[in-house]
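Thanks for coming. I have one structure to go through today, and I will take it piece by piece. Please look at it on the screen while I talk.

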Amino acid sequence: MVVHPAYSTDDYWHLAVKLLTGYEMPLRESLFDKLLGNQGIPLMKIEFSDYDGEPSNAVVEAADSLGWRAENSGWRIENTDFVIPFYSGKHGPITTASVGTKVVMKKARITLLGTTSTDAPPAGGVVLGSDFKSNNDKEFDGLNAHQEWSNKALSQYSYGGGKALEHLLGEAQSTIGFSWNDLRVENKNAVNLKSFEEAADAFDRAASFFRTQHRQLEDWEFDLGAEEASWKGQAAGVFRDLIHGLARNYDKYSDQLPLATEAASRYGQDLRDFRHAVHTAGQNLYNAWNTWQLLTGNPLRWLHDVLLDVSEDVWNNNIKKVRFKVTSAGRAGTTGHHEVKFDGFSGGYLDWGALEDKATWKKIGEEAIRRWQQSVVDTLVAAGKQAIVDVQNSWNGQTFAPVTTVSTNLSQEYASDKADKDKADAEAAAAAAKAEREADKAEAAAAAAAAKAEHEAEVKQAKAEREAEKAEQAAAAAAAKAEHEAEVKQAKAEREAEKAEQEAEAAAAKAEQKAEQEQAKAERDQKEAEQEAKQEQKEAEQEQKQILATNLARAEREQQKQEQAQKEREQEAKQAEQEARAEAKQQELEAKQEEKEREQEAKQEQKEAEQKQKQAEQEAKQEEKEREQEQRQIRTEAEYQAKQEEQEAKQEAKQAKQEAKQEQKEAEQQARQDQLQAEQEQKQAEQQSRQDQLQAEQERKQEQRQSEAESRFDQQRREALTPGGREWELPFGGPDSVPGSEGGLTSLNPDGTVTTNFPDGSSTTVDPATGETTVGLPDGTREISDLAPGESLHNKDGSWTTLNPDHTLTTDFPDGSSTVVDPAKGTTTTTFPDGTSITSPIEPGHSLPSHPGHPNQSGSSSYFPNFEEELFDTLPDYSDDLGSPLAPAGLGATTQDSDGYGAPGGGGSPMLPMGTRINGSTSGGNDGERVRNVLDDGQQVITRRRPAAGAGRSSYEEVGAARRAGVATSSAGTPFMPPMGGSPGGGGQQTQSSDRDRDSWVAEDEDVWGTDEGGAPAVLGRD
């Protein structure tokens, strides 16, 4: 089984050891398949457990923390190979955590597979592998109770190859019988360096014998004399041929097994050199392996280094980021928890995953294998590859050819000698005949040379005359070519001038088009400005006539402006797109025109080249004809001149034809260019027409949208002024102290925390940033806890408060309503059971009721007080919206009786002060009194007013009104409404200014309007 990331590709260490020693090691990719711990983790098994030895804050913050680390982290801690403590999530593995997150300490107990019993960490050196098994009595995380492992294959690969090389280079000079860790070298694969020397000596002896015998036979052959010795008869010749054949054989043997020196053969020397190269390559490979195994040969040494890196990273990015936080302290002791204190906390290692995830430790084991394997590649594989190259280079393709023998036949030798003699006689006779023939041939050659010289003189003279005529013709042709080239250049210059003129016209047309577009845009801007001026004038008139209608139309105008701006942007974008398309089209036309011109020029050049080629062909044909004339020995000058004139006429006719074709093509090119220009001008005109049409369509749509907006404005105004046209809601809440309902009072503290005080004297304070929650009980004791994002806290009033991930607080009430407090934005959003919602601001240090009532709910509510009771003798009852001054006509108003409850009023009209006009002013009494109409944008308005005498309230009461866009309110917070049918209601007199807009009463108003404690009552008849 292959264990990632091990592989065996290009393993020259494995190949070199096998080649030099015959020791065949296991493949590298299979070394770790029997060294897998739980969950397939290579080289180790691991287990997690809780750890109660967390370092104190003082130890973590100290500059020297090696003491705690040495006792709690590293090699052989708690009778375990390696221990790494770390903080993890309270409810499971985490990789990152924000400040304030609770964490708990875990420890990873690591057992390395294949370590010795020594206390020293794994190091280098030769280690004999073995089989070993687990001592557990039960299964553990996927491992059997007696799980077995083996590192024999790893030892055979890491150390067996080096030991085989050591045995080869030692005294034995051989690997016969060698074995390491139960892996033997087969005899057929063993290497013996001594065999090279033995074979070399054998070659030396054979070569020396053949050389000696060849010399002796040569001496015998010399002593027997030459072939023509006088004493030699037929028998003696046969014996001499025998000695000659033997000498020739031994000479052949000596050539096949040559001597490099007097004592050593060439093949023997090659074998000795090859043996030396094998020994040197083996020695170099052994030296590289010996250094490697001493320093980096053990994979567990690499695993130990990786675990040290993990331990260092955990200390810096995990443990040092955590501090102990005290949650309560008393006589019984201090309690608390650990939480992330600083940014940069990491619960994992690199990007491999969480430390509490065993898949992360599998990657750590694989990293150790990768580092070990890289050391093998960098050292052993490189050295093995070089050893193979050195051995191959030393042999250099040397081969040992078999020794062959030349056979000798005495009969054949005798016949061969006789044939040689006959052949020599025949060759002598042939040589004499050949000499005679050569003399005759020389004489004939001399006569032919004389005739040839005479003929060549005549030919040279004729050729000189023709070359002179040819020079004259070339001069005439050159003049005609120069004239043609001048005409071509002039035509090209004219085309370039026309092109420049066309480009200038196109640029002028584009500039004119752009000026027209800018003028059209300016006219559109002017029209839009006029429309906006008219719109603003209409708005001013509507605002003077009816403030309420103006407020209602304000949003419509803003939307209309946004739509107009959006349309303008779209129009500008479309205009820019059209301009870009026009420019792109222009560029495309210009590019096409240039491309056509380039094609025409290329064609012209091609034609010129063809013309030159044709001329060269004509000249070649002319020269060929001249050579034919020379061969035929044309001597008649008149005939030659006639043919020359005929050729010149043909050439002139072809030249004229080519010029006519060129002029015709130039005319066609000019016509096509004119046609393209006309098409371009037509397209520009069509584009301008489409642009004008589009602009007119946009202006028509703009006028239509303006008309629709004005219609909607008038419709909304009519609906606002029509009885029953709209149901008004009373605002509620405010940023200052407002009495709570059946729930508590919620305050936003300056430090960003939110406190809710309940009627029973208890309170709850929540810090949205950290989740810390403090519950104060009526007896003064406090309970501190942490509220994680998404967790909820049960309040005393039955509601639930939840900390949201965005650091806002949501309180859900039993009736189905909810309130969201956002300290960062300073707002509260209340959602009622019917789905409606209201957002109100809240400032640090101010409060809101924790459970506001619905602004339209029936029944008496403390959020809708009788805040005009000081101004009128008879006041409406706010216990029901239908009876309030905001109720539509026909539904009936109520008046307040002596018990404070509403009784039906007459006329069915809303209760407004007597004589109230449509614009909010009053008739009768002091007509100089003015009512203050406040226009707001939806923010709350705070009204400070003085309570009625004896009301039992504080000296001043602040009533907060949730602003509503388009609602005009008086200083008492009552929204303004025009009379709706019937006669006006009870006639109280308003005592407020009507010519100034105020958001609230301020301190100086008390001196101006008499609202201080010592002032007169606001209404006659009141105490």
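How many bridges join β3 to strand β4, and in which sense do the two run? Eight bridges join them, and the strands run antiparallel. Before I go on, note that this is a predicted model.

Let me stay with β3 for a moment. Strand β3 covers residues 80-89, and β4 covers residues 102-112. To find the register between the two, look at I84: its bridge partner in β4 is A108.

β3 also pairs with strand β2, residues 74-77. That pairing is antiparallel as well, over three bridges. Here the register can be read from G74, which stands opposite V83 in β3. β2 and β3 form a hairpin, and two residues lie between them. One residue in that turn, E78, has a positive phi of about 55°.

As for burial, β3 is mostly covered, with 10 of its 10 residues buried. In general, side chains in a regular strand alternate between the two faces of the sheet.

One contact of β3 brings in a helix. S311 sits in helix α8, residues 299-317. Is S311 buried or exposed? Its relative accessible area is 9%, and buried means under 20%, so S311 counts as buried. Apart from neighbours within four places in sequence, S311 is in contact with R69, S73 and I84. I84 is the residue I just mentioned as the bridge partner of A108 in β4.

Next, the helix pairs. Two packed helices are described by the angle between their axes and the distance between the axes.

The pair to start with is α1, residues 12-21, and α9, residues 358-395. Their axes are 7 Å apart, at an angle of about 45°. The two helices are therefore oblique to each other, and α1 passes α9 in a left-handed crossing. On the α1 side, the residues that meet α9 are Y12, W13, L15, A16, L19 and L20. On the α9 side they are L380, V381, G384, K385, A387, I388 and V391. By class, this contact has 11 nonpolar residues, one polar and one charged.

Now the other pair: α4, residues 152-169, and α7, residues 266-295. What are the angle and the distance here? The axes come within 9 Å and cross at roughly 140°. α4 and α7 are therefore oblique to each other. α4 passes α7 in a left-handed crossing. From α4, the contact takes in S158, Y159, G162, K163, L165, E166 and L169. From α7, it takes in H279, G282, Q283, L285, Y286, W289, W292 and Q293. The classes for the contact of α4 with α7 come out as seven nonpolar, six polar and two charged.

Further along the chain there is an open sheet of six strands, with antiparallel pairing. The order is β16-β17-β18-β19-β20-β21. Which strands stand at the edges? They are β16, residues 792-794, and β21, residues 837-841. Each has a single partner strand, so one side of each is left without a neighbour in the sheet. Neighbouring strands in this sheet are turned by 20° against each other on average, direction ignored. For β21, the pairing with β20, residues 827-831, is antiparallel and has five bridges. Within it, T830 stands opposite I838.

A few backbone points. Most residues other than glycine have a negative phi, and most peptide bonds are trans. Q39 has a positive phi, near 60°. Q39 is in the loop between α1 and β1, and is partly exposed at 47% relative accessible area. D182 also has a positive phi, of about 70°, and is not a glycine. Its loop lies between β7 and β8, and at 62% relative accessibility D182 counts as exposed. Finally, the peptide bond from H4 to P5 is cis, with omega near 5°. P5 lies in the segment before α1.

To end, the totals for the chain. It has 13 helices and 26 strands. Of the 1023 residues, 38% are buried. Among contacts between residues at least 6 apart in sequence, 64% join residues at least 24 apart. That is what I have; I will take questions now.

Terms used: Residues numbered from 1 in each chain as written. Predicted model: local features only at pLDDT ≥ 70, side-chain atom pairs only at ≥ 80, totals over all residues. Heavy atoms only, no water. Axes fitted to C-alpha atoms, helices over the stretch in contact; angles between N-to-C directions. Helix = DSSP H or I, 4+ residues; strand = E, 2+ residues; numbered from the N terminus. Parallel < 35°, antiparallel > 145°, perpendicular 65-115°, else oblique. Left-handed = near helix turned anticlockwise from the far one by under 90°. Contact = heavy atoms within 4.5 Å. Nonpolar A, V, L, I, M, F, W, Y, C, P; charged D, E, K, R; others polar. Buried < 20%, exposed > 50% of the residue type's maximum accessible area, 1.4 Å probe, protein only. Pairing = 2+ DSSP bridges.
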